[in-house]
Each structure stands twice: as structure tokens, then as C-alpha cells.
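Please open the structure in your viewer and keep the selection tool at hand. The stops below say what to select next and what can be found there.

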Amino acid sequence: MNPIIVQAEQYLNGLGPAIDLSVAVCDDYSRLLRGEHGKSLPHSGLLTLAASRGRVLLSGRGGAGKSTIMRRLVLDGAAAGYAVALIDLSQWDHAATAEWKFRRDGVREPIDFLLRRFGGGSTDIADLEFLPAGQGKLILIDGLNETPGSIADDILSSADQIASLIVNCSVVISDRLVRRRTNGDERWYFTMPLNVDSEVVRKLVDVEKLTPQAQRLLDSPFFVDKAIKGELKNSPLATIRDFVEHRGKLDAKGLAAAAEGAFAAYREDASRTFDRNRFPAEAGIRAAETLIEGGVLLELADGRVAFNHHWIHDYLASRHVASHSDLWAFARRHASLDALTFKANSFDAIAFVLEQLSAESKDEFLRAVFDWNPYAAGYALAEAEEIAPSNISDTLRTIILAMLAEKKFDRHFLSAQKAVDALELFSDDSAVSLRNANDLSELVAIIKDNPLHSEVFDRWRSVFAIGGGEAAPEALVNAVKEEDSIIGWTAANVLKRLELSPDQVMAIVDMGRHEQAVVRWRAVHVMGSLTDDQVRNALLDRLKNDEDENVRYGSIRSLVEQGSRSSDLATRLVGDIRPLLDVIAQWPRVMTELTRAVFLSRGCIPENWSSEIAKLFYARLDAASETTEIEAWSKLASDLRQHDRLAA
């Protein structure tokens, strides 16, 4: 029998009683993020959609049953006569990331690599291509969010191309609830798994014996399964913690060792699969053994191990982060949160951290998350509210959503889009009003009228509500140096709306050399709205010489923002940056941000923008030695031209 079918059957048999799972189609990505969908379909309806358009994306939150649906599609597809291949990305690791950069371009090679590396069988692209034209081919890719950084976008693009190349071939991809870059949204069906029907639940579970808090969790198949087994508690975290402690038979020392090992696996391996030596010392060895005995930790064929559900790994890693606040101090938060979330691809672990902290520490941690990535703070807040409603103070919630809403009006198109996407995850009246603000003045008016009052909120509002075009108050310039990250970043954002005196401009330039890296980062952020030569020179100096990556990151964004303010400045920008490309290439995050920041929002694009910026891309192309790198730079230039035409 086909090994893929055998593996799918083994996976499904290990789940216990089958739970009916339904899906629905969403008209576009935005409606998918908002949870707005059409009528319910059986999970097998995805095969009909795939046959119709060749491309289906199944996106949902953790525990929604996506991986189960994908295994069922293996069996359904095989029964319907398809040649089926399943790519399981949960086993992605550092080695795969290293090899991917040599496999990501072209049409056949990327998917061929995924089939050979994660396909669980012997099928490759050549096998599928040599099948008769009338034979249906179905490629299922489970766990797009398991890959770090922008690899998910690369895989999505490769899947789109292979669906065009191979006759009668369809792809279905599962992912978390986050927007990806596609080669054209109109080519895809966007679908979501639906909550488990209450009547289905009642046939499987004695609902009345559960507490109201536990009953609230029964829309998720993961927790329905736990209820069937008598393992459901009053919250997701309590359910997972109880499972780990009892099935894993861990005492406090063993639990701490398991938590440290789980976080080390994310940090060192960037993978759900890892070497058991990640569990530290003798306590870690014993913890790994008892977790394996209890079925919490699974031994894989290659000698590595993995937890039996990604939420268990997330819980243990989050436990380590929650108990070590030094991991989210400024100097370490970027590396720590990148590791915990697969570089902002999955936010369950952040929600779990929040649930384990005291009320005061919750706000402190979420501020750290916002400082690391404001869009991730929005996604994490949405995940936290799904897991434990009212977990975050109204004050901080409103501040974060308002600051995301301000990002809607960012000159950088991709930043604005990410802000909108994060806001789409909230459906309450307060969040919707912020999301629907048509311009900055309307947003400021909403905040001024907000009935919330507290010392923190009133101080923040007094800064945020300063109108555009006014002279900048001296106190606001000084507030850029605030230790409070919310006030410091709000001040930096608001200063970009205001008129600064020559002395204030010099004060900001001086802050660009401040001893604290976070102050330098905020200062270079402000400089993007200023076009003076002294500011430009300060940004170039910070880009070349600052020891902190975040300051260099902010500097390249602000240099691009400066250049976007006129055709002459665009030409000057290219003249400044072109000689520095080799230097910038030493810092991958900074180079990546350059390639993203040059995509500008409608109304912010100089007439010569794409032709000038293309000179930078072609300079990198000329210096490239790998075919894949040459193609990537050429594609960027083409994508920018197309973006500018559509935004004109």
C-alpha cells in the first residue's frame, strides 16, 4: 500500500473517536482574517474546490483541526482516484532552511525538494509529471507556518507555479491565520475550518458535566478530543499543563528542565523536531525519558524527537520565557521572540506566556512584544483573547490597536497592510471603529472621545492626540528617550506628523548617538520624515556604523522614506545606497527590509521610483553568482514595477 496512505491512517487512528469537521469559503484574504465565510461544506469539499481552481489555502487558528483535515484529504483523494502526495512541514529544521536558499527558485525544484525531504514517500515531481494527463494529482502541504521568516511565501509561490505547470494538478495548503504574499489572490480559494457543531459535540461529550469555562472551549476539535478523554480543564493552558504534568510524570525540577529544553529547541533548531540533548543535564535526560514513556514526546525515525502536539511544545517553551523575564528585556527580546514564534509566524506561545503572567507582568510583556514587532503584538493579542478573554487590560489593548490603526497610513505599503491584517482579527465595536478610521484626524478624534481613564491611558492619549502640522512641543522631543516603550514609540510616531525647529532636529540627530540602542532606534525612525542633509548624513552614519541591528534596520527604512518624498530625493537615495550594498548585505535583516520598504503606499510614489530603485536591484543581480539569486533580484524589480503601476 502507498506509504502516504498508511501514515495518514495511522495518524487518524491515533486520534480516537472521529469528529465531524467542516470548512467554508471566504471571498478574500481580508474576510478570511475577519472570519467572514460562506456556507458550511464537508471537509471533502476542498477536493472540489481544488479541482476547480487548482489552489486552496486552508487557514485557521491552532487546534482547529487543519492537520486532521489534511490527513483525511489523503484518504479522500486516494479514494477518488487522485495520485496524492502529502508534505508535512512540521519537521522543518535548520538544515532545511539552509538548503532551501538553493532550492527556492525555479518551478520544479522547490516542490521537488519538499516532496523528497518532507513527503514521507518516494514520489517526486517527475513521477507526477509522467502520469497520464487525465490522472488527477493532489499535493497537500500541511503546516506552512512551521517554516521561519519569508520561506512560507516562497513555498506558496512555488505551489502556485506547480499547479500551472503539471496538467490536472491541484494543491491544498494549511496555514495559520496570517496573510501571505501570493502571485495573485484571485488564483486561490481561501477557506477556513469551522467550529465543531454543538450537536456533534453533544453526541460525543456529556457537556452538562463540564464547567462553563470548559464548555467555552468545545468549538475546537482539539479540546473536544480532550473532553472525550476526560482531560479537558477550564482553559487551554490548564488542559495542556495537566496533560504534560500527569502523562509526563514531571516534578517541578523536571518540568523546568523540559521547559528549558523546549525553548532551546526553538532557539537552536527553529523546528518542532530536535535532538533530545536539548534537555539540559541529568534532570533533562530524566524528563525526556518520562515524557517519552507517557507519550508526550515522540521518538522519530531519524533519532530526533517531537512533542505529540505543537501546543505542548509551545506551552513548555512559553513556560520558560514566562519564568525568565530577562529573555524579554530589550537586549534579548528580539532574539527570544523570534525563536518563540518562528520569526513571527505563530503566536500561540506568546498567548501562553501572557496567560502565565501576573496582571502587571502581562502588560510589561505585551509592551515588549509591541517593541519587538507591533503587528505581532496585534496578532498575539487576538490569540490571547481567543485563549483567555479579558486577559489584557483595556488600557493597553486600546493603545496597541490605536497604534496599529495609525500604521494603516504608513508610507511603506507592506507595513500598512500588516497593520490592517492585524486589526482584521478583532470584531468588537471598539476595534472596528479604529480599523475603519479613514484618516489620521478621524483616528485621533476617536481616541480623544474614548471614555477610558487611567494614569497610563491619559498620559498616552495626551501624546497620541497631538494634531498633525503643529509645532512640536519640547517635552515631546524629550519623550523619545522615555524608558516606557509605549510612550517612547508614540512620541517618535507623533513627531513625524509635526513641524520641528532646527534645534529640535539637531536634538533628534544627537539622540541618534544616544548610549541606549532603543533611543537611537526611535530617533532614526523620526528622521524618516525629515529631509535635511544633516539628517540624511546621520542616517547613513547609523546605517554603516551602528552596532545594533535594530538601529541599522530603522535607518534603512527612514532613508527609503526620505527618498520617497520627491523624484530628486529618490535619485539621491539610490546614489547614497548603491555604494553601500555590499555593506548592507552583511546584515540579512537590513537587506530584507530594504527590499520590503521600497514598496510604497498609494499617493506616496515618486514618478521615477521603480526605475531608480531597480538600479539597486540590478546592481545586486550583477554581483550575484548563483542563478537563483539572479532570478530573485530580477523578480523584485519586476514586482516593484507592477506594484507602482497598480498603485498609480
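Which strands does helix H6 lie across, and at about what angle to E4 does H6 run? Before selecting anything, bear in mind that this is a predicted model. Now select residues 108-118, which form helix H6, and you will find that H6 lies across E4 and E5, running at about 80° to E4.

**The sheet under the helix**

Widen the selection to the sheet, which is open and has 7 strands in the order E2-E1-E7-E3-E6-E5-E4, with mixed pairing. At its edges are strand E2 (41-42) and strand E4 (83-88), each of which pairs on one side only. For a look at one pairing, select E4 together with residues 137-142, the strand E5, and follow the 6 bridges over which E4 and E5 pair in the parallel sense. Within this pair, Ala 85 can be picked out, standing opposite Ile 139 in E5.

**A second helix on the sheet**

Next, select residues 151-165, helix H8, which lies across strand E3 (55-59), E5 and strand E6 (169-175), and which runs at about 160° to E6. With H6 and H8 both shown, you can see the two helices pack at an angle of about 105°, their axes being 8 Å apart. Angles of 65 to 115 degrees count as roughly perpendicular, so H6 is roughly perpendicular to H8. To see the residues that meet, show Arg 108, Pro 110, Ile 111 and Leu 114 from H6, and then Ile 155, Ser 158, Ala 159, Ile 162 and Leu 165 from H8. The residues of this contact between H6 and H8 divide into 7 nonpolar, 1 polar and 1 charged.

**The cavities**

The tour now turns to enclosed space, for the structure holds 3 cavities of 30 Å³ or more. In the largest cavity there is about 80 Å³ of space, and to find it you can select its lining, namely Arg 61, Arg 176, Leu 177, Val 178, Asn 345, Ser 346, Phe 347, Tyr 379, Glu 383 and Leu 425. Coloured by class, the lining of the largest cavity shows 5 nonpolar, 2 polar and 3 charged residues.

For the last stop, move to the second largest cavity, which has about 50 Å³ of space and is lined by Arg 536, Leu 559, Gln 562, Gly 563, Leu 569, Arg 572, Leu 573 and Asp 576. Helix H30 (549-563) and helix H31 (567-577) are worth showing here, since each supplies at least two residues of this lining, and H31 gives the most, with 4 residues. By class, the lining of the second largest cavity has 3 nonpolar, 2 polar and 3 charged residues.

Terms used
Residues numbered from 1 in each chain as written. Predicted model: local features only at pLDDT ≥ 70, side-chain atom pairs only at ≥ 80, totals over all residues. Heavy atoms only, no water. Pairing = 2+ DSSP bridges. Contact = heavy atoms within 4.5 Å. Axes fitted to C-alpha atoms, helices over the stretch in contact; angles between N-to-C directions. 1 Å grid on protein atoms, 1.4 Å probe; cavity = no way out; pocket = protein on both sides within 12 Å on 5 of 7 lines; lining within 4 Å. Points joined across faces, edges and corners; volume = space filled by probe spheres on them. Nonpolar A, V, L, I, M, F, W, Y, C, P; charged D, E, K, R; others polar. Parallel < 35°, antiparallel > 145°, perpendicular 65-115°, else oblique.
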